[in-house]
Amino acid sequence: MSKTKNLAIYRPNGAAAEYSTWACNLYNGCSHTCNYCYCKRGVFGHILGKDVPEIKVQLGGEPGKAYHLFCQELDKYRNQIITDGGLFFSFSTDPMLREEINLTLRCIEYAFSQQVPVIILTKATWWVREDCVMGTLYAHRDLLTIGFTLTGHDELEPGAPANVSRQTALIYLSKMQFRTFASMEPVIDFVSSLAIIRTIASDCQEFRIGLLSPYSKKRYDSAQCERFIREVQRLSKEHNFRILWKESIRRFCRDWSICPDLHNSVLGDSVAETKK
């Protein structure tokens, strides 16, 4: 739920707030059909968890109205959003889907024109080789951070590009001098997640790591978790990337009395110096 009563831009709560202080949701639904998706659960699952993205009804149901409302809300909170680190796209869909890209880019371009930093999280990769998309993003890469969700389990994400394709896209963007991060959330198993981290460690500036939702103490092996954490910490020093340990994994460490340095840590304090 939102702390601010806006239609497009809001302050997320809970686990989402660990990612960003401000977020923008223009669409509900997503064609990736990931079987672990939190949007498919709960009383609003029939709206948020649709397999076809639709512009939010509250935004007028069509791109022109949605864009107008977005600009109004961005103007209202611009200074605070800049102070708080930028605007995140998106928690209720993948903003880089083909069905969404025109409105996404239009809103992002307006944010750039107001000097508002933008954070994008996606599984889509088609746009990385599209000049009409990359031209807009490359020109403002000083205001942009792009992340890819990586689990290592394509079978759980039947509508999404393969994890290998996402890794390749992230590496490509990094070499194009974009700021990048990998969302290792949810960790399906520690072996798969660690293999991905090792593969892209030198091309990724930050790893955001969290467990499956809803949280369960019994879902993972504590010894495997501890080995995973120690190895990721070692790799962060070797490759100079930042780690954001989500509350879910820190809670798991508290519950099983492992990795005491994570128990009471604030988000991101177990990090190497962030790459410049």
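## A walk through a predicted protein model

Let's start with one residue: Val 187 lies in strand β8, which covers residues 179–187. This is a predicted model, where local features need pLDDT of at least 70 and side-chain atom pairs count only at pLDDT 80 or more, while totals for chains, interfaces and linings use all residues. Residues are numbered from 1 along each chain as its sequence is written, and side-chain values use heavy atoms, with hydrogens and water left out.

Is Val 187 buried or exposed? Val 187 counts as buried because its relative accessibility is 0%. Here, buried means under 20% relative accessible area, exposed means over 50%, and partly exposed is in between (1.4 Å probe, protein chains only). Setting aside residues up to four places away in sequence, Val 187 touches Ser 193, Ile 209, Gly 210, Leu 211, Leu 212 and Tyr 220. Contact means heavy atoms within 4.5 Å. Val 187 and Thr 151 are 36 residues apart along the chain, yet their C-alpha atoms are separated by 6.1 Å.

**The whole protein**

Now zoom out. The protein has nine helices and ten strands. Both come from DSSP runs, numbered from the N terminus: H or I with at least four residues for helices, E with at least two for strands. Of the 276 residues, 54% count as buried. Take the contacts between residues at least 6 apart in sequence: 72% of them join residues at least 24 apart.

**The nonpolar cores**

A nonpolar core is a set of buried Ala, Val, Leu, Ile, Met, Phe, Trp, Tyr and Cys residues joined through side-chain atoms within 4.5 Å. Which residues have the most contacts inside the largest core? They are Leu 26, Phe 70, Leu 87, Trp 127, Leu 137, Ile 209 and Phe 228, in a core of 78 residues. A second, separate core has eight residues, including Tyr 10, Phe 88, Leu 121 and Phe 181.

Leu 87 is worth a closer look. Leu 87 sits in strand β5 (residues 87–89) and counts as buried, since its relative accessibility is 0%. Beyond its neighbours within four places in sequence, Leu 87 is in contact with a string of residues, among them Ile 9, Trp 22, Phe 70, Leu 74 and Val 118. The C-alpha atoms of Leu 87 and Ile 120 are separated by 8.6 Å, with their positions 33 residues apart along the chain.

Ile 209 also keeps plenty of company: leaving out residues up to four places away in sequence, its contacts include Val 187, Phe 228, Val 232, Trp 245 and Ile 249.

**Two helix pairs**

Two packed helices are described by the angle between their axes and the distance between the axes. The axes are lines fitted to C-alpha atoms, for helices over the stretch in contact, and angles run from 0 to 180 degrees between N-to-C directions.

Helix α8 (residues 222–239) and helix α9 (residues 247–256) pack at about 125°, with axes 11 Å apart. That makes α8 oblique to α9. For these labels, angles under 35 degrees are roughly parallel, over 145 roughly antiparallel, 65 to 115 roughly perpendicular, and the rest oblique. In this pair, Ser 222, Cys 225, Phe 228 and Ile 229 of α8 meet Ile 249, Phe 252, Cys 253 and Trp 256 of α9. The contact has seven nonpolar residues, one polar and no charged. In this sorting, Ala, Val, Leu, Ile, Met, Phe, Trp, Tyr, Cys and Pro count as nonpolar, Asp, Glu, Lys and Arg as charged, and the others, Gly among them, as polar.

The other pair is helix α4 (residues 101–113) and helix α5 (residues 131–139), whose axes come within 11 Å and cross at roughly 20°. That makes α4 roughly parallel to α5. On the α4 side the contact uses Ile 101, Leu 105, Glu 109 and Phe 112, and on the α5 side Cys 132, Val 133, Thr 136 and Leu 137. By class, that gives six nonpolar, one polar and one charged.

**Backbone oddities**

Most residues other than glycine have a negative phi, and most peptide bonds are trans. Here are some exceptions.

| Where | Feature | Value |
|---|---|---|
| Phe 89 to Ser 90 | cis peptide bond | omega near 5° |
| Ser 213 to Pro 214 | cis peptide bond | omega about 0° |
| Gln 177 | positive phi | about 75° |
| Asn 240 | positive phi | about 60° |

Where do they sit? Ser 90 lies in the loop between β5 and α4, and Pro 214 in the loop between β9 (206–211) and α8. Gln 177 is in the loop between α6 (163–175) and β8 and counts as exposed at 56% relative accessibility. Asn 240 is found between α8 and β10 (242–245), also in a loop, and counts as partly exposed at 29%.
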